[in-house]
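User: Please take a close look at one part of this model, beginning with a single loop residue and then following the strands and charged pairs around it. A connected account would be preferred.

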Amino acid sequence: MKRLFLLALFAIVSSFSQNAGACTGITLRTISGSPVTARTIEWAGNDLESRYSIVPRGYSQRSFTPDGQKEGMMFTAKYGYVGLAVEQAEFVVEGINEAGLAAGLFYFPGYGEYETYSDANKEKTVSDLQLVSWILSNFKSINEVKNAIYGIHIVTIDPRGSTVHWRITEPGGRQVVLEIVGKQVRFYENKLGVLTNSPGFDWHITNLNNYTNLFAGPIHTREIGDLTLTAFGGGGGLHGIPGDMTPPSRFVRAAFFQATAPKLATTEKTVMQAFHILNNFDIPTGIQFSEGQRVPDIPSATQWTVATDLTNRRIYYRTMHNSTIRCFDLKSINFAKVKYQSAPLDHQKIQPVEMMKVK
């Protein structure tokens, strides 16, 4: 039984990393400055069987170690939180706690490098897929995370799997990106608020300098000799923005779409705006497979999209199966009394269709 569990767990991690790599994150603000973070999560291999987890104060969990056993660090929730998880309830990849701190992981293949796991350090070891849970359980600020993270050891559950990097956001809007490169922990202040995947965050910021020619709005009529040139349509100022699905191209598109979005009056309107922007990053399943390869029977490679209102402690999501937006209001949850619970994001994997009645 133990061997079967290990094989299943390793298959989850290794195949997830091979088919992922297309998460896109943005950050919007209201007129008054309230932040809303939003992101997609992709995997083209098969349905991730994603779940939500509601974690009360005082709930203890232990991290997995590379042997597939729960022999790593035991940590107890100082703060209750709601998280969205993939494959297993423990693997929370996006969430917010009752103090308003939000965190999420994004895949980071080929550029990250964790320290080598040592059995001697297992009591202070946290797996990369459980670091979001560790952060949400313990902290209310980025500085608290920074002060504590050097006292733990972050490792992968399966060396065949991809590394990840993380986005952490405070209720006031301060945001950092955490990367582990060359076995060294690095934090980057993310004043832009965008994150995708590889290469590293600092490279993506530098790469934006290649697109200083882009601007919002139309291209105006131009005279060339006796010829008058007129743009075919609106938005011509973004002509030449990269349109493919690679992380660098998505980073550029996300940066410009975010920057040109008008600031709205309320967080509710801003959440809906975030979902509309991220519509542009939905990835059809077939484009991630070569001609002749079998394409899995799932509706989309973008398996779910989430937006988080840090001011009002609300997390919204929709899935590839059901585009209806659903919401958890953390202020309505008594984290001192609620029981730990985890359930599928979709109880029925069917898109509801409203039939219109004509009189």
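Analyst: Pro299 is exposed, with a relative accessible area of 51%; the classes used here are buried for under 20% relative accessible area, exposed for over 50%, and partly exposed in between, with a 1.4 Å probe and protein chains only. This is a predicted model, in which local features need pLDDT of at least 70 and side-chain atom pairs count only at pLDDT 80 or more, while totals for chains, interfaces and linings use all residues. Residues are numbered from 1 along each chain as its sequence is written, and side-chain values use heavy atoms, with hydrogens and water left out.

Pro299 belongs to the loop between helix 6 (267-278) and strand 16 (302-309). Helices (H or I, at least four residues) and strands (E, at least two) are DSSP runs, numbered from the N terminus. Leaving aside neighbours within four places in sequence, Pro299 is in contact with Thr285, Met320 and His321, contact meaning heavy atoms within 4.5 Å. The C-alpha atoms of Pro299 and Gly286 lie 9.9 Å apart, with a separation of 13 residues in sequence.

Strand 16, which bounds this loop, is part of an open sheet of 5 strands in the order 1-2-16-17-18, with antiparallel pairing. Strand 1 (25-29) and strand 18 (326-329) are the edge strands, each pairing on one side only. On average, neighbouring strands of this sheet are turned by 15° against each other, direction ignored; the axes are lines fitted to C-alpha atoms, for helices over the stretch in contact, and angles run from 0 to 180 degrees between N-to-C directions. Two strands count as paired if DSSP finds at least two bridges between them.

At one edge, strand 1 and strand 2 (residues 35-42) are antiparallel and pair over 5 bridges, and Arg29 stands opposite Pro35 in strand 2. At the other edge, strand 17 (residues 314-319) and strand 18 run antiparallel and are joined by 4 bridges. A hairpin of 6 residues connects these two strands. Across this pairing, Tyr316 stands opposite Cys327 in strand 18. Cys327 counts as partly exposed at 37% relative accessibility, whereas Cys23 is buried at 1%. The structure holds 0 disulfides, a disulfide being a pair of cysteine sulfur atoms within 2.5 Å.

Strand 17 also takes part in a charged link: the side chains of Arg314 and Glu268 meet in a salt bridge (4.0 Å, N to O). Arg314 lies in strand 17 and Glu268 in helix 6, so the pair ties together parts that are 46 residues apart in sequence. Both residues are partly exposed, Arg314 at 27% and Glu268 at 36%. Elsewhere, salt bridges that share partners join Arg39, Glu94 and Arg167 into one network. A search of the whole structure finds 12 salt bridges, each defined as a side-chain nitrogen of Lys or Arg within 4 Å of a carboxyl oxygen of Asp or Glu.

One of them joins Lys349 to Asp47, with the closest N and O atoms 3.0 Å apart. This pair links distant parts of the chain, 302 residues apart: Lys349 is in the segment after strand 19 (341-344), and Asp47 is in the loop between strand 2 and strand 3 (51-55). Lys349 is partly exposed at 42%, while Asp47 is buried at 13%.
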